[in-house]
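Subject: Structure for you to look at, with notes

Dear colleague,

Here is the structure I promised to pass on, with the sequence alongside. My notes follow below, and I would be glad if you read them with the model open.

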Amino acid sequence: MGYRFTDLTTACQDDWRAYIEHDFVRQLGNATLPEASFRHYLKQDYLFLIHFARAYALAAYKSPTLADLRQAHEGLKAIVDVELGLHVGFCQEWGISEQELEELPEARATLAYTRYVLDTGNRGDLLDLHVALAPCLVGYGEIANWLNDQPSTLRGSQNPYDAWIAMYEGEEFQAAMQTELEWLNARLADVTPARFAELSKIFRDATRLEIDFWQMGLELIDEDLTH
């Protein structure tokens, strides 16, 4: 019997729970997250999306089959043509202009995670890259579902962050998450124990860097390399 994505989360269970149930996430769910923290996260997430698009371009280069190439193309197209525009609009609702986004310096947590993903993809194969991206694509969907299971989570007009939860619990994102899980499960099923150990390390490192991304927002850490 081969491996599955759940084996990756089990292999770094403590880090995965610390990411999914981070204080940033809890406070977002119960509407106690400071608005300044959310704005800071939103701005850095814009920069992350740009590098996420670059990662899909790298995935296209790394694709061994036409099906993989088409998947990478669709991911890149969705981010560049749809998601970035939606994110800019969402930021504007929070008082963040497009010009401000374009002039943003990258926080160290943004640099660390995005460059880790790209470096992992450059050094490894397509599966390495997908595993490095999984804490974001799969994790955000799981976070939305986890929040909906918490009695402390407020929805609707009671919570200024309700639209964020709705985005990741929505049918489109959940379907994308399931498609990614199916892709990962199909490829993990064939890996050896030694290869799985390598992939587990990538997944653990990427999850820890996602934790740092939440912490950056919570603590308003905005240090960049020019400081």
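Which helices are included in what covers the buried residues of helix 9? Before I answer, please keep in mind that this is a predicted model, so every value below is computed from predicted coordinates. The cover over the buried residues of helix 9 includes helix 3 (23–29), helix 4 and helix 5 (66–93), and also helix 8 (126–149), helix 10 (171–188) and helix 11 (193–219). The buried residues themselves, within a helix that runs over residues 162–169, are Asp162, Trp164, Ile165 and Tyr168. They lie on the same side of helix 9, because the arc they cover around the axis is only 160°. As background, an α-helix has 3.6 residues a turn, so residues three or four places apart point the same way.

The overall fold

The protein has 11 helices and 0 strands, and its pattern along the sequence is accordingly written α-α-α-α-α-α-α-α-α-α-α. Its radius of gyration is 17 Å, which agrees with the value near 17 Å that a compact globule of 227 residues would have. The C-alpha trace spans about 45 × 40 × 35 Å along the principal axes, and buried residues account for 50% of the 227 residues. If one takes the contacts between residues at least 6 apart in sequence, 82% of them join residues at least 24 apart. The accessible surface is about 10,900 Å², and carbon and sulfur atoms hold 52% of that area.

From the record, UniProt places the feature "domain: Thiaminase-2/PQQC" at residues 14–219, in an unreviewed entry. In the model, residues 14–219 are 82% helix and 0% strand, and the C-alpha atoms at the two ends of that span lie 22 Å apart.

Aromatic pairs

With ring centres required to lie within 6.5 Å, the count comes to 26 aromatic pairs. One of them is formed by Phe5 and Trp16, an edge-to-face pair with 6.1 Å from centre to centre and 75° between the planes. This pair links distant parts of the chain, since Phe5 belongs to helix 1 (residues 5–11) and Trp16 to helix 2 (residues 13–20), with their positions 11 residues apart in sequence. Both Phe5 and Trp16 are buried.

A second example is Phe48 with Tyr113, which is stacked because the ring centres are 5.4 Å apart and the planes stand at 10°. Here too the pair links distant parts of the chain, with Phe48 in helix 4 (residues 35–62) and Tyr113 in helix 7 (residues 108–123), 65 residues apart. Phe48 counts as buried at 5% relative accessibility, and Tyr113 is buried with a relative accessible area of 1%.

Some individual positions

Thr9 has its place in helix 1 and counts as buried at 12% relative accessibility, the cut-off being under 20%. Leaving aside neighbours within four places in sequence, Thr9 is in contact with Trp16 and Phe203, and Trp16 is the residue that pairs with Phe5.

Two positions in helix 8 may be worth viewing together. Ala134 lies in helix 8 and is buried, with a relative accessible area of 1%; beyond four places in sequence, Ala134 touches Phe5, Gly139, Leu184 and Phe203. In space, Ala134 is 29 Å from Glu100, C-alpha to C-alpha, while the two are 34 residues apart in sequence. Ala132 is also found in helix 8 and is buried with a relative accessible area of 0%. Again not counting residues up to four places away, Ala132 touches Tyr113, Val117, Thr120, Ile202 and Ala206, and Tyr113 is the stacking partner of Phe48. The C-alpha atoms of Ala132 and Tyr116 are separated by 8.1 Å, although these residues are 16 apart along the chain.

Finally, His87 is in helix 5, where it is buried with a relative accessible area of 9%. Its contacts beyond four places in sequence are Leu42, Asp45, Tyr46 and Leu49.

With best wishes

Methods. Residues are numbered from 1 along each chain as its sequence is written. This is a predicted model: local features need pLDDT of at least 70, side-chain atom pairs count only at pLDDT 80 or more; totals for chains, interfaces and linings use all residues. Side-chain values use heavy atoms; hydrogens and water are left out. Rings of Phe, Tyr and Trp (its six-membered ring) pair if their centres lie within 6.5 Å; planes under 30 degrees apart count as stacked, over 60 as edge-to-face and the rest as tilted. Helices (H or I, at least four residues) and strands (E, at least two) are DSSP runs, numbered from the N terminus. Buried means under 20% relative accessible area, exposed over 50%, partly exposed in between (1.4 Å probe, protein chains only). The arc is that of the directions from the helix axis to the C-beta atoms. Contact means heavy atoms within 4.5 Å. The radius of gyration is taken over C-alpha atoms; the globule rule is 2.2 Å times the number of residues to the power 0.38. Accessible areas come from the Shrake-Rupley method with a 1.4 Å probe; for residues, only the protein chains shown count as cover. UniProt positions are given in the numbering used here, feature names are shortened, and annotations may be inferred rather than shown by experiment.
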